[in-house]
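Here are my comments on the model you sent, set out as numbered points. Please read them with the structure open beside the text.

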Amino acid sequence: RTQAEMAHTCRGTINLSTAHIDTEDSCNIVLSNGGRTYHLKANSEVERQRWVTALELAKAKAIRMRNNQSDDSGDEEPASQSDKGELHGTLKTLSSKLEDLSTCNELIAKHGAALQRSLSELESLKLPAESGEKLKAVNERATLFRITSNAMINACRDFLDLAETHSRKWQRALQYEREQRIRLEETIEQLAKQHNSLERACRGAPGLSAGGTGGANAAKGDVQSAKGEASDEDEETEYFDAMEDAPAFITVTADPKHHRRSGSNLSGASEGHPEDWNLEDSVFDSSNQTSYNESTCKDLLPKKRRRTRIPDKPNYSLNLWSIMKNCIGKELSKIPMPVNFNEPLSMLQRLTEDLEYHELLDKAVKCESSTEQMCFVAAFSVSSYSTTVHRTAKPFNPLLGETYELDRLDEFGFRSLCEQVSHHPPAAAHHVYSKRGWTLWQEITIASKFRGKYLSIMPLGAIHLEFHSSGNHYVWRKVTSTVHNIIVGKLWIDQSGEIEIVNHKSKDKCQLKFTPYSYFSRDVPRKVTGVVTDADGKAHYVMSGTWDEKMECSKIVQSSHGSTSSEGKQKTVYQTLSPKVLWKKYPLPENAENMYFFSDLALTLNEPEERVAPTDSRLRPDQRLMESGRWDEANVEKQRLEEKQRAVRRRREAEAVEALEEGKDYEGYIPLWFERKVDPMTGELICVYKGGYWEAKDKQDWSMCPDIF
């Protein structure tokens, strides 16, 4: 299928040009693309091989079709203006050459006539008979030459008339298309301005933000399915696994005097003992959070002093609309963006930045109850979005085979490794090991769509977290991020959707709802709410807060059914003890607004380090030039790296086609430090760490690393 057809296919369609085809055993085939995986079973090994061969041939054909339609540079639209200029220049050159031909025709006619006169004069002279015959033959040839020249010039004149006629038609057509495009641009810009004005008017309208219902201590939280809540992303036809509807709920802070009960503990079922819920609790005490460099283990001071600032961001002006208007409807990964839209970090480093609040997982290790542990895991899943509230710039797309390590084993007890394992679709594998009792791994594929006024970023793939001592294995997925006001107004980012965290050992669950921002809502902006339930569906804790500031946890002491909502759903009323802060965002460093709003951790991510792999993001030249403020040089270097990567990809695809034509197997790109396996929890094909990186670093043996920079 073409790219245009792929945008309108039915649900469940897989684009073969970017799919992975693997065989599990003698009869099974695994077909995966991004977050979608299909398991196919053949009747016999022979039939399976026939299917694999047919799929590989279809994949090769799909790759050729994709390459014929457009190159990865995505510069078809931006080149349209230059194409028009080139066409006008060609017509002008053609007219000039035809004028030269007309001049040559006149000269040929003039000199031909003079030649014939000279020959006639020679014939009139008394010359031997033999000479006369030769002169007569020359005269005839000169006459034929003149006739032929006149015929050629007449044909050229006819061609000139035809070209001039069509040139006028082309010019009228080009002028019409140019006027139509200008009108369309003006209409879109005017609509965006009107939309912005309406939003400001709605925000300032009286009666929309005032008033409220419920008691003074009541807080309303909705953890419900996204079904029936149509948003902008509904148009994108992105499909995800459906989640069970969770009932709406209301939380009411209980009076501790009326809920004294003995014999219960902190993780009791539906009723708890308030005296066990105190700020001095060894696990839930989350106070005294200051900053990344001052948090976590106080008895272990960092052995290396990290940098606390980077060069200020240059104040370069850029017409955003002039670039983005040519990108509507395209995949973000196929749009050639200057570094003016970037921040000096790669996507691998942004992925590593999720570990900024790793101490939440260190505290979760100490929890004796799985539901208590779930609270910290939920807070950790929300904390990864806190750095995005001001970070509207785009990280660098990693090159295929690019890696990034963050070794904080001595300072904070963990070491992290990321690798770009696929380029189309872009996918990164991540593995983190902590000697304090947990391991985290994930493979994230980024799907993004630009729709004129907003940009949707949809991370696909599951995040796995396992605690060593208890064996509790948690799995969850990320929500959709949306960047608003791409054309007009100040850029701002929002998170929306649901996260379902599942403990596959104890079957505990936590459903978190990220409420999308609305001018008409009375809720707190960037609100996140959720409920922690056990395997029997009994609620234990209520999670509440915002993804950009803090998350609180309230223990449920009693639950009851309340009134029915307008949608016909019955609300549950939870009586809870006073909430406790599990996570609170660190303050940004001084002068952060001039340093891309980087946090303390983000400032250290691109700090040069010795002994890292030659494929590490810290060594990427265009990113380093941008951080130094040399943006023009960074743009040139970025184009060089991308063209180098495209040349490698074209060579690899040619090798794949050649291997298929010869009936040989072609494995394609093989990740360096990760290997593809079927995830037993989700059934998806993911990249997991196979080991060897840290051993290679100790030996400084990077011979297997490709030259990508």
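**Notes on the model**

1. Strand E17 and strand E18 (residues 527-533) run antiparallel and are joined by six bridges. Within this pairing, Cys510 stands opposite Val532 of E18. Please keep in mind throughout that this is a predicted model.

2. On E17's pairing with strand E16 (residues 492-503), six bridges again join the two strands, which run antiparallel, and Glu500 has Gln511 in E17 as its bridge partner. The hairpin that E16 and E17 form has five residues between the strands, and in this hairpin Lys507 takes a positive phi near 70 degrees. As for the surroundings of strand E17 (residues 509-514), the strand is mostly covered, with five of its six residues buried.

3. Which residues touch the most other members of the largest nonpolar core? In this core of 69 residues they are Trp438, Leu465, Trp476, Ile501, Leu512, Phe514 and Met543. Helix H8 (residues 370-383) gives the most to this core, contributing eight residues. A second, separate core has 14 residues, among them Ala429, Phe674, Cys687 and Trp694.

4. Trp476 deserves a closer look in the viewer. Leaving aside residues up to four places away in sequence, Trp476 touches Val377, Phe380 and Ser381, then Gly461, Ala462, Ile463 and Leu465, and also Ile499, Glu500 and Ile501. Glu500, one of these contacts, is the residue whose bridge partner in E17 is Gln511.

5. Towards the beginning of the numbering there is an open sheet of three strands, in the order E1-E2-E3 and with antiparallel pairing. Its edge strands are E1 (20-23) and E3 (36-41), each of which pairs on one side only, and neighbouring strands of the sheet are turned against each other by 20 degrees on average, direction ignored. Four bridges join E1 to the antiparallel strand E2 (residues 28-33), and Ile21 has Leu31 in E2 as its bridge partner.

6. The unreviewed UniProt entry carries the annotation "coiled-coil region" for residues 174-201. In the model, the chain over residues 174-201 is 100% helix and 0% strand, with its end C-alpha atoms 40 Å apart.

7. Some backbone details should be checked by eye. The peptide bond from His424 to Pro425 is cis, with omega near 0 degrees, and Pro425 lies in the loop between strand E9 (414-422) and strand E10 (427-434).

8. Two residues other than glycine with positive phi values also belong in this note. Phe597, with phi near 60 degrees, is found in the loop between strand E22 (580-584) and helix H9 (600-605). Is Phe597 buried or exposed? Phe597 is partly exposed, because its relative accessible area of 30% falls between the limits of under 20% for buried and over 50% for exposed. Gln700, with phi near 55 degrees, has its place in the segment after helix H12 (693-699), and Gln700 is likewise partly exposed, with a relative accessible area of 32%.

9. For the chain as a whole, the secondary structure comes to twelve helices and 24 strands, and 45% of the 709 residues count as buried. Among contacts with a separation of 6 or more, 63% are between residues 24 or more positions apart. The accessible surface comes to about 36600 Å², and 52% of this belongs to carbon and sulfur atoms.

Conventions. Residues are numbered from 1 along each chain as its sequence is written. This is a predicted model: local features need pLDDT of at least 70, side-chain atom pairs count only at pLDDT 80 or more; totals for chains, interfaces and linings use all residues. Side-chain values use heavy atoms; hydrogens and water are left out. Two strands pair if DSSP finds at least two bridges between them. Axes are lines fitted to C-alpha atoms, for helices over the stretch in contact, and angles run from 0 to 180 degrees between N-to-C directions. Buried means under 20% relative accessible area, exposed over 50%, partly exposed in between (1.4 Å probe, protein chains only). Contact means heavy atoms within 4.5 Å. Accessible areas come from the Shrake-Rupley method with a 1.4 Å probe; for residues, only the protein chains shown count as cover. UniProt positions are given in the numbering used here, feature names are shortened, and annotations may be inferred rather than shown by experiment. A nonpolar core is a set of buried Ala, Val, Leu, Ile, Met, Phe, Trp, Tyr and Cys residues joined through side-chain atoms within 4.5 Å.
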